[in-house]
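Grab a pencil and open the viewer. Try each exercise yourself before you read its solution.

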Amino acid sequence: MGEVDIVAKDEDTLVFIEVKTRRSNTYGPPQLAVNTSKQIQLSKVALNFLKEKGLEEIKARFDVVAVELNPSGKRIELIKDAFELKYF
């Protein structure tokens, strides 16, 4: 079905985190890779995880960690609530 890079807890919220890394901005910043198709896939995985663990009533959110690696250094950005659950 797919995978989520990181599942973490932030107080009373379960957080599904997608990490995207780019070595250049040729195709835009890393977070642009988390497009609608990827959001739907992550939503399916998250819903399945919550159902399997009996956690359907817990608050959840989707974050993206964007990592840019280039000759001048690296930049890491955490984007909280990057997108809403996508129904399919």
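Here are five exercises on this chain, each with a worked solution.

This is a predicted model, in which local features need pLDDT of at least 70 and side-chain atom pairs count only at pLDDT 80 or more, while totals for chains, interfaces and linings use all residues. Residues are numbered from 1 along each chain as its sequence is written, and side-chain values use heavy atoms, with hydrogens and water left out.

**Exercise 1. The overall layout**

Work out which pattern of helices and strands the protein chain follows along the sequence.

*Solution.* Start by counting elements: the protein chain has 1 helix and 4 strands. (Helices are DSSP runs of H or I with at least four residues, strands are runs of E with at least two, and both are numbered from the N terminus.) Next, put them in order, and you get β-β-α-β-β. Then look at the overall dimensions: along the principal axes, the C-alpha atoms fill a box of roughly 45 × 30 × 20 Å. Finally, check the burial: 31% of the 88 residues are buried. (Buried means under 20% relative accessible area, exposed means over 50%, and partly exposed is in between, using a 1.4 Å probe and protein chains only.)

**Exercise 2. The nonpolar core**

Find the residues of the largest nonpolar core and say which element gives the largest share.

*Solution.* First, the term: a nonpolar core is a set of buried Ala, Val, Leu, Ile, Met, Phe, Trp, Tyr and Cys residues joined through side-chain atoms within 4.5 Å. The largest one here has 11 residues, namely Val4, Leu14, Phe16, Val34, Leu42, Val45, Ala46, Leu50, Phe62, Val64 and Phe83. Now sort them by element: β2 (13-22), α1 (36-52) and β3 (59-70) each give two or more residues. The largest share, 4 residues, comes from α1. To finish, click on Phe62: leaving out residues up to four places away in sequence, its contacts include Phe16, Leu42, Ala46 and Phe83. (Contact means heavy atoms within 4.5 Å.)

**Exercise 3. The helix**

Check whether the length of α1 agrees with its number of residues, then list its buried residues.

*Solution.* The rule first: the expected span of a helix is 1.5 Å times one less than its number of residues. For the 17 residues of α1 that gives 24 Å, and the end C-alpha atoms are 24 Å apart, so the two agree. Next, pick out the buried residues of α1: Lys38, Gln39, Leu42, Ser43, Val45, Ala46 and Leu50. Their cover includes β2, β3 and β4 (73-83). Last, step past the end of the helix: α1 is followed by Gly54, which has a positive phi near 65°.

**Exercise 4. Two glutamates and two positive phi values**

Decide whether Glu18 and Glu68 are buried or exposed, then do the accessibility check for Glu11 and Asp81.

*Solution.* Take Glu18, which sits in strand β2. Its relative accessibility is 4%, so Glu18 counts as buried. Setting aside neighbours within four places in sequence, its contacts include Lys38, Leu42 and Val64. Then go to Glu68 in strand β3. Glu68 is also buried, because its relative accessibility is 11%. With the same neighbours set aside, Glu68 contacts Arg22, Asn25, Pro29, Pro30, Gly73, Lys74 and Arg75.

Now for the backbone. Glu11 isn't a glycine, yet its phi is positive, about 55°. Glu11 lies in the loop between β1 (6-10) and β2, and its relative accessible area of 72% makes Glu11 exposed. Asp81 is another residue other than glycine with a positive phi, near 50°. Asp81 lies in strand β4 and, at 48% relative accessible area, is partly exposed.

**Exercise 5. Far along the chain**

Find out how many residues separate Ile58 from Asp12 in sequence, and what their distance in space is.

*Solution.* Locate Ile58 in the loop between α1 and β3. At 26% relative accessibility, Ile58 is partly exposed. Ile58 and Asp12 are 46 residues apart in sequence, and their C-alpha atoms are 7.6 Å apart in space. Beyond four places in sequence, Ile58 contacts Asp12, Leu14 and Leu50. For a second pair, pick Lys9 in strand β1: its C-alpha lies 9.0 Å from that of Ala60, 51 residues away along the chain. To put these pairs in context, look at contacts with a separation of 6 or more: 55% of them join residues 24 or more positions apart.
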